[in-house]
Structure formats: C-alpha cells, structure tokens
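Let's walk through this one together, starting with a whole chain and then zooming in on a single residue.

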Amino acid sequence: MARKTTQTRKALTTVAAWSIGFLIFFPILWTVLMSFHSEGDAIKGPFAMLASPWTFESYGEVQHRSNYALHFWNSVVISFGSTLAALVIAIPAAWAMAFVPGRRTKDLLMWMLSTKMMPSVGVLIPMYLMFRDFGLLDTRSGLVAVLTLINLPIVVWMLYTYFKEIPGEILEAARMDGASLRSEILHVLTPMAVPGIASTVLLNVILAWNEAFWTLQLTTSDAAPLTQFIASYSSPEGLFYAKLSAASTMAIAPILILGWFSQKQLVRGLTFGAVK
Amino acid sequence: MTITVRALLGACAVTALGCAVSAETITVATVNNGDMIRMQGLMEDFNAKHPDITVEWVTLEENVLRQKVTTDIATKGGQFDVLTIGTYEVPIWGKQGWLLSLNDLPAEWDAADLLPAIAGGLTVDGNLYAAPFYGESSMVMYRTDLMEKAGLTMPEAPTWADIKAAAAAMTDKDNEIYGICLRGKAGWGENMAFLTAMSNSFGAKWFDEAWTPQFDQQPWKDTLAFYLDLMTNYGPPGASNNGFNENLALFQSGKCGMWIDATVAASFVTGKDSTVAEHVGFALAPDNGLGKRGNWLWAWSLAIPAGTQKEAAAKTFVAWATSKEYLALVAAKEGWANVPPGTRASLYANPEYQTVPFAKMTLDSINSADPTHPTVDPVPYVGVQFVAIPEFQGLGTAVGQQLSAALAGTMTADEALAAAQALTVTEMTKAGYIK
Amino acid sequence: MATKASRTAARAMVSPAVILLLGWMIVPLAMTLYFSFLRYNLLNPTQGGFAGFDNYYYFLTNPAFFQALTNTLTLVLGVLVITVFGGIGLALLLDQPIWGQGVVRVLVIAPFFVMPTVSALVWKNMFMNPVNGMFAHMAKAMGLQPYDFLAHAPLASIIVIVAWQWLPFSTLILLTALQSLDREQQEAAEMDGASVFNRFVYLTVPHLTRAVTVVILIQTIFLLSVFAEILVTTNGGPGTASTNISYLVYAQSLLNYDVGGGSAGGIIAVILANIVAFFVMRMIGKNLDA
C-alpha cells in the first residue's frame, strides 16, 4: 500500500517536473524547430509550420553569408582567454583573503563586487578612445582584457568561497612540515580546490560567451565574436524568422552543449558558498 | 611551439612588404538590407576585376550599424574603409570634413547620370561626399484585388481623404485584413520618417525660421489626429512596434490593404516571398491640396572616411558597387526587378527596366521630393523626413517615442505632442539653437 | 594564526587584483567625470567648452529620469520575486524523487546558456509578436484578439524575458542548498509528527536563507544593468515605459551622441548603483559571514 502511494506520488511529481521543464525549455526548442523550415512557412502558425517540409536552406544561407567559423573561434578565444587570465589574477587574491583574512577583507570583497554594478554604457566613449589610442580596437587581446576585468570580481568571490571551505588545519599541517608558501598553494591547496576552479571556469566562460555589449562595441570584423554574428540577422528587410532561428541556434549550440555536458561541475560551482 | 611562432613571425616580416602590394584588405560596413546582401553574393565579379583588393564585410542591423559607424568616425577610430550611410548623415559629416570627396571618381563612372534629387542630397559645397547605392522615396502600395472588391479605384495621385475612404472600405478585421499599415515603431528612421513626411503634406514643420519647435501648433495636431484615426480604426494590432520589416511581413502575407512606405519595398511585395505579388498597385504618396506630398527621399550610399589608409582601394570598390555595370550585372544574374533602384537616370531610360511595374512610380516619387524646400512654409533646415542637424537623431527618436506611445494608447495625442514640444525645446536650448 | 610575514605575503597576493580593478574603475570613471562637465557632442565638434553642472541639470530634470528610476527598481524587484519564488518551487519539485531527474535539470538550466540578445530576439519575434508570434497564433486559435505584449505591457514583458533567463540560476543554487539539507533531521521531525508545512517553515526555510541571499546579491548586480533585452525588444518604449537607467544613459550618449550629457548620466547611474550596492551589501553582510 505504502509502496503504491509513493509510486503514484513519484509518477505525479515526475509529470509535473517534466511539464515545467518542457515549458521552460520550449522557447529554445521552438527556435531550433523553426530554423529547419522555410521563411514563408515559419510565420504560418505552429501546426502549419511543423507540417511543412523540413529544410536546411536557412543554415545554407547563413553559412554562405557569414564566416561562422571565424566568429565561433573568436568567441572561444575571448571567453576562455578572459576566464583563464582572471583565474591567474584571482587565485592568489582569493587564497590570501580566505586564509589570511584582515579586518577589511569583507569590505574589499564587497567593493570588488560593486564594481560590476557600474553601467557599461556610461563609460563607452572613454573606453573607445582608450582602445583607439592603444590600437586595441577589433583585437581579441583588447576584448580579453576587458572581459577579464569584468569577470574578475565574480571569479575572486567564487574562489574565495571554495577556499574558505578548505579546513585551515590541513594548511597548518603542511606549514609544520616546512612547505613553502608556493608549494602550499601548488601541492596542497590547488588539488583540493580543483572542483571549485572547474566550476568557476565554466560559469565565467558562459558569462563571457554571452557578453553582448563590449563584444559588439569594440570589434568590427577580425575579432568579432558570435554576438556580432547575431546582430547581422536581427530585423533585416523582409522575412527573417527562419534565418534568425538558424543563426541563433548556431550561436547558442556550442555553449549549450558545453553547459549540458559539464552541468555536474557547474552545479557544484554555482553555490557561491550558499551551502553550509 | 615557440619555434613555430617565431618562424611564422619571420615569414611575415619578409613577406609583409610583398603582401601590402599584392593584396589590400578593405573593411566595408553595411546594413543587412536585401540589396547589400545581394552585392555580397556578387563579389566574384569584383574579385575577378580587382584581384589585388580583398573586401571584408561587416554586415549589421541598421541601428547597430549606425551607432558603431558614428562612434567610429566621430572618434576617428579608423576601423572602416567604406561606410554605408544615408542622406541624413552625408551633409553633416561632409561639412565636418569627416568624408573624402568623391569628385575624382573615374569619368566612366558618370556622375552626371545620377538622379539630381539624389545627388543633391549627397553634395555639400560642390563636393559629392557619397556615392548612392540605392535611392528611395515613399509611395502607396495597395491591393488591387481588395480595391476592386470594395468597388473603388485608386487615383494615381491620391489625397489623404482618398486613403481614408479606401482603408475603411478594405478593412475586414474578422479575416485579418487591415485597411492600412503604417510605421509605428519609435525611431527617427522609423515612425518619424513617415510622420515627418506626412506632416509636410499637412502644412506642419519641425521648426519655424527662428528654430522654435512647432509641435504645439495646429498642423501637427491635425497630422497626429488623422494618423491615429487611421491606425486605430483600420490598422493592424501591435502597430506601435511595426517598422518597415514588420509591415512588409504583414503586407506579404496578405494582411494589409494599403501600405505607405519606401519605394524599395515594391520589389519585395511583388517578389517570390509575397503571397499577393499578383495584386499590388502603386500610387504617389497622398497630399492635402497644400502643394506638398507626404513622400520622403533617402539614399543608402557608400562613403569613405577621411583618414583611411586605403583610399585608392576604397574608391575602386565604391566606383564598382555604384556603377552602371553593377546594375547590369544584377540584371543579368537576378533580373531587372532586383536591380538597386533610384540612383541613375540611365536605368530609367532603359526600355527593359521600364517594363518593371514599379519603375515609373518610383522615379516620379523621387522626383517629386524636394529636400531643400520640404514644407509648405519656409524652414531653416534641409531634409524631407528629417532635419539635417546633428541633434536630430536623438531628438527624432525621443519625439518618435512619444508619438509611438500615443499610438499604443498609453498617452493621448495632446499629451504626446506636449511632451514632444517640451523635450524639443529643452534639447534645442541646450544645443544653443534657441537663445 | 596569521603571522606578520604571511600578512605581507597575503597583501602582495591580493594587490594585483585590487590594482587592476581600481584601474578599471577609476580610469574610465575619471574620464567620464571629466566629460560630464564639458559641452561635448560627438557629432558637433564645433561646440565645446566647460558646461558646469548643466549636463547634470538636464539629465536630472529630464522627465524620463524619474520613470527610468522606478522602472529600474521595478525590473530588479520583479525579476527577483519571480526567480526567488519560482526557484524555490522548482527546486522543491526537482528535489523530489522523480524519473529522469538529470534530463529535467538539463531542460531547466538551458535558458541560462542563451545569449541575452538571442533570448530577447526569440521572445520578441517568435513569441510576443502580435501577428506572427506563437502567443498570437494561440489566441487566434482560441478565437481571442491577440494581445500586444510589448506595446501594452512592455516592462512586464521584459521582466518575464529576464526572469526566464535567470530562473535556472536561482533554481540551481537553491536546489544545491536543498540537497545539503540534513536528511536525518528531516526524518526525525517527521517521526515527531511535524506537518509538511511546519517542516518547510522551520527546517527548510531557515536553511535556504543563505542561498536566497546569494541569489539576490548576484542577480541584483546583473539586473541593475539590464540593457540588451530592452534595446532589442522595445527600445525603451512606448514613450519611456520600459526605459531603465542604463538605457537612458545609452539613449543620451549613443542616440543623441551627447557625450557630456551621457557622462553625467553615467556618473549618476554609478552613484545610484552604489546606493543600491550599499543596501544590498548591508543585507548580505548579516547573512554571509565572510
């Protein structure tokens, strides 16, 4: 009897969870479906569209018009490059804050986070002028630098919350054994922090991949990532739903797939010290 | 790894000189409109003729493009060698000395062949600062089958009263047929292009000769009242978000009786994506008997920023893209109806092009627009659907938002005009026009 | 525990991050501050000179300013309410034993990976468009008049779009927090006859407080500067119905090309963001022992 109720209950919750999951996912699914139909069919309404013939023509057209490989590669370089650079700067900082906290550590951390609240649009013109003067316009290195700084506070904070969870006694023990600061970080701390670092990397790659203000403003062609690729398909003259869908699918697919495959690591990383 | 990189760098240094001579890359910023996309497909011809020039395209949505190009040229960022800009930007930027004069394009390019109304809008102090790629005015596109069903005929030069009568007769909301589709999306190049041009035919103007904003005057009230009446009674739902594209999709799918918009739309509504291609008629933009019609004038043009390092290559490209030969190339590959319209007199003299149904109406519309005398009363500015001052982009968009709100019903017409007047006075005072 | 030497070392390790962030904050900010006192229109180089506080005066007296302020707060609060309550609900649901939990979780987190521009374009065109969008087709199929979301409820529509993007984030954090809940304690309470409701209020809710705080903090940072979604869907309109502070600054500096006015707006936005930051940080400070 009891077993039966739990089974029924499980069935009901399963149905509920799947329905909600499907609803949340539906906009993405619909975009993918629409990308496989012709422009004329895409606006006919849901059932008429699904019944109409499937075609790759939108993908063909997008492929023909844009250099997808270049934009994709730029996105990869920029998002991974900026994340790694941020990591290099953030690991020592987070280590120090976690294990040698001072009176001002918390304020420092909060201040770092508050720099993210600055509206980017407000400083565009000064940034553009600086980029021009340093010859950084339309370069991947320029964008990597900007996105490193944008994500740095989040990286520092995420790492800080991990490092704090590492028991101090282990470090004490290592220190007793005469380990230097360098080897303390390298051999004791880093292995323990690997899961945390992995999830930090993932989250920041996602944030950098999707950053759509600086990437659009500071690049033109050579360094333009996928955000710019999308901007050439939004609202042109004429029907554009199918082509926009195809371009959108191509822009989000890589990060979506990466996210899905690594979701276990990501989930661990998204705690931000919220779990205690 | 390091060795490879170093080897590559070395190779680069050696060939760098040779590279610069043998292949020059120019960056062309353009808008993602159909005619420009088509040009990208025809680049083989250019590459064959000029193997030493590589063209890199930056194709963007109009608003993003305009903003990027403006930021770049005003800060002298130097990211582009050829810019796609419109009739609004050219005189302002030309006057600032931001563009190279194109007076020295080769003789066979034939500057004298350009339509005078179009070329006039791109010339400052005798210098042609941009080469027109395609030109457009606005006109009435209507459904001949629906007009016939309603027992009406469209005059070749209708009045606004004719338009209203036709809209009322064709509207059939149960079957999703809306008598008239007009722009409602806020933006100086969206609803304000239409409304400013329309207001000219109602005797309204943006500024009087002392640069005093005129939104508190009767002609603007009449214009807006007429527009709102048309759109709320005979227009499609969601019109306050409809720009050129949205209306095009509506018209192509058979949901509009009439559409007053850019002449370039003609090739789309009679093209392969259109379900009503067989039943489209054309007429001049309407008037009110005051001597001005509600049509605008615009030309997407190619300009070269001053300070480019690749002047010669950029000029070669501009000359190719706006030449008579390019028109012939498009005609040979895609048919005469797809040729970029509205720039050259020779195109309209071509008997083959004259068979295109919208050719004559496009030319008549372009010729009837007068950017230097756009309004019934004299005004201190140039421009039919815009005011050629730097402040207009922001101003036009801000006013457009108010009028769009009136269309959405979140404001009354009077509130919207009062808000438009107030913000225009503030901006113009701030910019020093009003002392 | 910390010796003097380790303190010095710690300072040395923190300083690169601090110096970089300081530079990143101060250099553009100083330039912005300088521009904000100039008459500087990108399109009109002939105009120039010192403007005093004119730019600030015009920005603050702009009728759109007050609305932008309330819109910013409405947007942040609206999205927070939806994502926190929706996230708790979803997390509780996903925490139950269900078949295919992994797949459902994959479906639920998907929106987080979508670029803001793409999600705004998709919602605007494929769903909310009153003629060709999915909702319009559904309304017509049911014999209803399609509702024009972006014209008649622009801010609410944007809140929905942004909430859709952030719901996965809050759900994941809350789910992780739930999963760390002490099962034994739960079962003990159940044995003692505590009702489902009481268990939720006295055990689950206190346990989740910390996670909720984190969700609020992180999301506030991102929500204060929502911009792409507004640009793509409504352009801040109709009127200024969906203009927030970020968008107003954008309109000033990149539609008007009024760098002076835009910079003044930028400075005001930074000040406002810091006020919000101050309150959020106080609130967090209590819940997060750093």
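Here is a short tour, with the ground rules up front. This is a predicted model, where local features need pLDDT of at least 70, side-chain atom pairs count only at pLDDT 80 or more, and totals for chains, interfaces and linings use all residues. Residues are numbered from 1 along each chain as its sequence is written, while chains are lettered from A and ligands numbered from 1 in the order in which they are written.

Take chain C to begin with: it has 13 helices and zero strands (DSSP runs numbered from the N terminus, with H or I over at least four residues for a helix and E over at least two for a strand). Its radius of gyration, 24 Å, is well over the 19 Å that the globule rule gives for 290 residues, so chain C is more spread out than a compact globule. That radius is taken over C-alpha atoms, and the rule is 2.2 Å times the number of residues to the power 0.38. Along the principal axes, the C-alpha atoms of chain C fill a box of roughly 80 × 75 × 30 Å.

How much of chain C is buried? Buried residues account for 54% of its 290 residues; the label calls for 20 or more other C-beta atoms within 10 Å of a residue's own, with 12 or fewer making it exposed, anything in between partly exposed, and C-beta atoms placed from the backbone.

Now hop over to chain B, where F80(B) sits in the loop between α4 (62–74) and β3 (82–85). F80(B) is buried because 25 other C-beta atoms lie within 10 Å. The C-alpha atoms of F80(B) and W57(B) are separated by 9.8 Å, with the two 23 residues apart along the chain.
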